Amino acid sequence: MSPPCPKLQVLAAGPGISVQDLGRFGYLGQGVSASGAADLIAMHEGAALLGQSPALAAIEMAGAGGSFSATQDIRISLTGAPMAARIGDMPVAWNASHLLPANVSLVLGGARGGVYSYLHIGGGVATPPLLGARATNAAAGLGRALAAGDVLALGRDAKAGMVNQRLDPLPRFGGGLLRIVPSLQTGLFSQADLERFCAIPFARDPRGNRMGVKVLPDGAPFRSEGQLTILSEIIVPGDIQMTGDGVPYVLLNDCQTTGGYPRIGTVLPCDLPRVAQALPGAVLRFAFVSADEGRAALRQTQTALAALPRAVVPLVRDPHQMQDLLSYNLVGGVISALAPDGLDHGPTDANTDANTDAQPIAEREAR
Amino acid sequence: MSETTISDAARTGAFPQIAPVGLGGLLVRFSDQLSEAANRAALAFRAEVALQGFAGVEELSTSLTGTFLRIDPLYPDVAGLCAQLQRLLDSRDWYAAPLPQGRRHLRIPCVIGGSHGPQWGDAVAASGLAADQALASLTRSTVRVLTIGFAPGQPYMGQLPPEWNIPRLSQLTPQVPEGALVIAIRQLIIFSAATPTGWRHIGQSAFRLFRPDADRPFALNPGDEVSIRAISAEEYENILAQDRTGDGGAQIEVLA
């Protein structure tokens with residue numbers, strides 16, 4: 001008989017901590033949105049660090065951290081917005097994999113430079129699937145946020161032993177350029193407004209959550225024809241929805257499946273992690289691209305994600321490097337300066353320092 | 001409404017039309033105005049696309065007047081897929097398609113107005129009807145589930161008589177509860193979860209649209225018929241206290 005699978009105990013949890021995977025598909029016709037991790041790049045990075053499938057479920061944290069312990073030795077990796085991380089009394093590096101010994105606490109807190117942080121576990125989180133997936137969409141009644149006292153089943157880890165690896169994360173922090181294609185209602189906006197939409201900067205508003213984030217235009221609101229009487233129509237993540245006050249929301253994975261507010265365009269899926277990780281105040285810009293350019297961008301991201309397992313390197317215990325790796329507040333700037341794969345499309349570093357003391361994401365107003 | 005709309009659209013060749021939805025979707029639109037015929041067309045076309053099993057298609061759903069295909073955004077021959085869809089569109093008169101099989105009629109108890117429906121007075125005023133006429137109009141109408149969307153199991157139901165062609169609000173109501181009955185543009189929705197909305201909140205039901213732990217998690221299907229039975233706040237509280245099924249006191253009849 002094989003030994004029992006390990007469990008993860010939630011010792012403390014801030015708001016907005018949930019189990020996520022790559023999303024729940026097949027139920028759009030019943031009004032169920034895909035959900036899944038707000039930063040899908042982080043899911044791939046976490047999986048690469050552990051040498052496992054990105055489809056395995058992980059724990060997403062929206063700004064606030066938590067503390068955890070496991071009933072057996074487990075492997076973990078940490079990705080997304082960098083947090084201060086400790087295993088027992090020992091600070092440990094972000095964007096890296098570690099051994100979490102049985103009954104030793106893992107304490108994560110205070111995301112900097114981004115919104116969503118991820119804790120991945122060797123073998124994945126193995127909570128019972130709901131409608132075929134583990135993604136949580138609490139607002140829709142699919143699962144709930146994690147709380148102190150929760151005990152999560154974990155999967156069997158096929159690669160026990162492989163730890164102390166690190167990688168340089170792909171650039172997506174601190175705002176920047178979002179590539180968009182036309183949406184169903186783009187034609188309801190005037191040519192002048194479409195040009196203005198792509199010319200002006202937008203600031204990420206504090207209002208936002210996994211359904212979408214509000215972005216404030218530097219200038220007048222945007223109006224479309226028939227704004228309050230258009231037919232409710234299908235919505236997809238990435239749609240830029242203009243609510244009644246003419247201020248856009250960029251919709252994310254928990255967005256509803258239909259809606260009646262006009263959409264001026266749709267952000268490419270590969271740029272959505274940049275939206276999700278933009279802190280309040282971060283500057284975002286929009287640019288229309290052709291469908292062919294959009295598909296080329298998707299392929300480029302797919303190639304970059306597929307290359308992540310080869311980008312994993314040993315976590316060297318060089319004091320100088322450790323200092324850098326633990327300086328998590330610098331990470332956003334360091335990464336965008338490197339822009340190793342040509343995916344960086346904007347000034348991502350300029351905002352990072354200003355954002356680190358931006359207000360927490362706890363103020364969450366849905367649309 | 002809308003026999004005129006349809007024939008106009010057909011004459012100008014505007015509908016049906018195939019439109020991209022981002023890079024990962026195609027929407028086959030049968031009208032840009034809500035009509036019973038366009039809704040039936042969307043449901044029937046979805047069923048036929050499912051049977052055809054076209055390459056590149058990952059998932060299907062319907063909106064009020066459209067069939068949505070979620071596609072692989074990197075599928076190499078989107079033009080070929082659109083051509084296949086166009087041939088299927090041309091193969092018959094989709095606006096004359098029958099409704100889905102296995103439909104039901106549900107009579108759902110709702111408290112109308114008062115603290116359970118704080119915007120009922122506004123809605124009545126916007127309709128131009130007297131209060132008693134408005135209640136009669138609402139409760140004597142039979143609406144059809146036109147599509148399920150927005151949130152799990154949540155029905156868009158229509159159409160109400162033309163007086164109810166009232167716009168959405170420009171300011172969102174921050175939160176209405178699960179089971180809230182809302183109205184706009186000749187349609188009703190019962191919310192499957194607490195949510196912000198731009199529709200007017202006119203009543204409250206105990207009917208649960210999404211039952212995650214039940215064998216049948218989604219209570220309604222497109223094509224089902226619904227009528228509203230006005231009840232008192234007291235009766236609503238009784239139903240809430242006693243109902244274990246999620247049906248919220250609804251009477252359910254299978255249609256032939």
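Modeller: Two residues count as in contact when their C-beta atoms, placed from the backbone, lie within 7 Å. In this predicted model, residues 24 or more positions apart account for 80% of the chain A contacts that have a separation of 6 or more.

Colleague: How many helices and strands does chain A have, and what share of chain A counts as buried?

Modeller: Chain A has eight helices and 22 strands. A residue is buried if 20 or more other C-beta atoms lie within 10 Å of its own, and 56% of the 367 residues of chain A count as buried.

Colleague: Why is strand E20 of chain A called largely enclosed by the rest of the structure?

Modeller: Residues 263-267 form E20(A), and five of the five are buried, so the strand is largely enclosed by the rest of the structure.

Colleague: What makes E13(A) and E20(A) a pair of strands?

Modeller: Pairing needs at least two bridges between the strands. Strand E13 of chain A, residues 176-181, is joined to E20(A) by two bridges and runs antiparallel to it, so the pair qualifies by that cut-off. Strand E17 of chain A, residues 239-242, is also antiparallel to E20(A), with three bridges.

Colleague: Which residues of E20(A) take part in these bridges?

Modeller: Thr266(A) is one of them: it is the bridge partner of Val181(A), and Asp239(A) stands opposite Thr266(A) as well.

Colleague: Why are E1 and E3 of chain B said to stand at the edges of their sheet?

Modeller: The sheet is open, has four strands in the order E1-E2-E4-E3 and is paired antiparallel. Strand E1 (17-20) and strand E3 (57-62) each have a single partner strand, so one side of each is left without a neighbour in the sheet. On average, neighbouring strands are turned by 20 degrees against each other, direction ignored.

Colleague: What joins E1(B) to E2(B), and which helix packs on the sheet?

Modeller: E1(B) and E2(B), residues 25-29, pair in the antiparallel sense over four bridges; in one of them, Gln17(B) has Arg29(B) as its partner. Helix H3 of chain B, residues 78-90, packs on the sheet and touches E1, E2 and E4 (66-71), with its direction at about 155 degrees to that of E1(B).

Colleague: How do you know what span to expect for helix H2 of chain B?

Modeller: The expected span is 1.5 Å times one less than the number of residues. For the 17 residues of H2(B), 36-52, that gives 24 Å, and the 25 Å from first C-alpha to last is close to it. Among the buried residues of H2(B) are Leu43(B), Phe45(B), Arg46(B) and Val49(B). Just after H2(B), Gly53(B) has a positive phi of about 60 degrees.

Colleague: Which strand of chain B gives the most to the side that touches chain A?

Modeller: That is E3(B), with four residues. The contact itself takes 42 residues of chain B and 40 of chain A. E1, E2, E3 and E4 of chain B each supply at least two residues to it. By class, the side of chain B that touches chain A has 24 nonpolar, 14 polar and four charged residues.

Colleague: How is chain B divided into domains, and how many residues does each domain bring to the contact?

Modeller: Domain 1 covers 2-96 and domain 2 covers 104-254. Their centres, taken over C-alpha atoms, are 28 Å apart. Domain 1 brings six residues to the contact and domain 2 brings eight; on the domain 1 side, three are nonpolar, three are polar and none is charged.

Conventions
Residues numbered from 1 in each chain as written. Chains lettered and ligands numbered in written order. Predicted model: local features only at pLDDT ≥ 70, side-chain atom pairs only at ≥ 80, totals over all residues. Domains from an automatic or database assignment. Nonpolar A, V, L, I, M, F, W, Y, C, P; charged D, E, K, R; others polar. Axes fitted to C-alpha atoms, helices over the stretch in contact; angles between N-to-C directions. Buried ≥ 20, exposed ≤ 12 C-beta atoms within 10 Å, placed from the backbone.
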